[in-house]
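User: Could we go through this model together? I would like to start with the overall fold and then turn to the packing.

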Amino acid sequence: MSLAAQALCEAAFAHATAARTAHRVLAHPDFRDDAWAVLTARYVQAYVDHCHGRGGRARSRARRALALLDSTAPEPLGAQALRVLVTDIDAGRPHEPRPTALLSCAAAAPGGTPVDSAPATTGV
């Protein structure tokens, strides 16, 4: 999972590095059954394609990732980030990565608090 989170963070400032990291996630056998890692890596790939003017490829990647979701399971939070990306591509708008939507589902452990709703901490 940490490689997928790394790819997501890299997407904001290092597109080529993020794309390589996302590819490593998708190619690594240990991640194939990790739905969050796969969804996040596919989001990163689509986002990087969109940023580089490859809207058709980005749209295809995002839609394919959404189509691969298990319809019998609750929808992961990251699916909304993919839908927003597709909407931005279709509208010709730039897209800002949405790490909170994707990271909050990874940070929410049973009985834990998702990142989105975690209270702010203050330094001393």
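Analyst: The fold, one helix pair and the core are discussed below. This is a predicted model, in which local features need pLDDT of at least 70, side-chain atom pairs count only at pLDDT 80 or more, and totals for chains, interfaces and linings use all residues. Residues are numbered from 1 along each chain as its sequence is written, and side-chain values use heavy atoms, with hydrogens and water left out.

User: How many helices and strands are there in the protein chain?

Analyst: The protein chain has six helices and zero strands, taken as DSSP runs (H or I, at least four residues, for helices; E, at least two, for strands) numbered from the N terminus.

User: At what angle do H4 and H5 pack?

Analyst: Helix H4 (residues 55-67) and helix H5 (residues 78-91) pack at about 150°, with axes 9 Å apart; axes are lines fitted to C-alpha atoms over the stretch in contact, and angles run from 0 to 180 degrees between N-to-C directions. H4 is therefore roughly antiparallel to H5, a label for angles over 145 degrees.

User: Which residues of H4 make the contact?

Analyst: They are Gly55, Ala58, Arg59, Ala62, Arg63, Ala65 and Leu66, where contact means heavy atoms within 4.5 Å.

User: Switching topic: what does Val44 touch?

Analyst: Apart from neighbours within four places in sequence, Val44 contacts Ala7, Leu8, Ala11, Ala18 and Ala22.

User: What share of the residues is buried?

Analyst: Of the 124 residues in the protein chain, 36% are buried, meaning under 20% relative accessible area (1.4 Å probe, protein chains only).

Conventions:
Angles under 35 degrees count as roughly parallel, over 145 as roughly antiparallel, 65 to 115 as roughly perpendicular and the rest as oblique. Buried means under 20% relative accessible area, exposed over 50%, partly exposed in between (1.4 Å probe, protein chains only).
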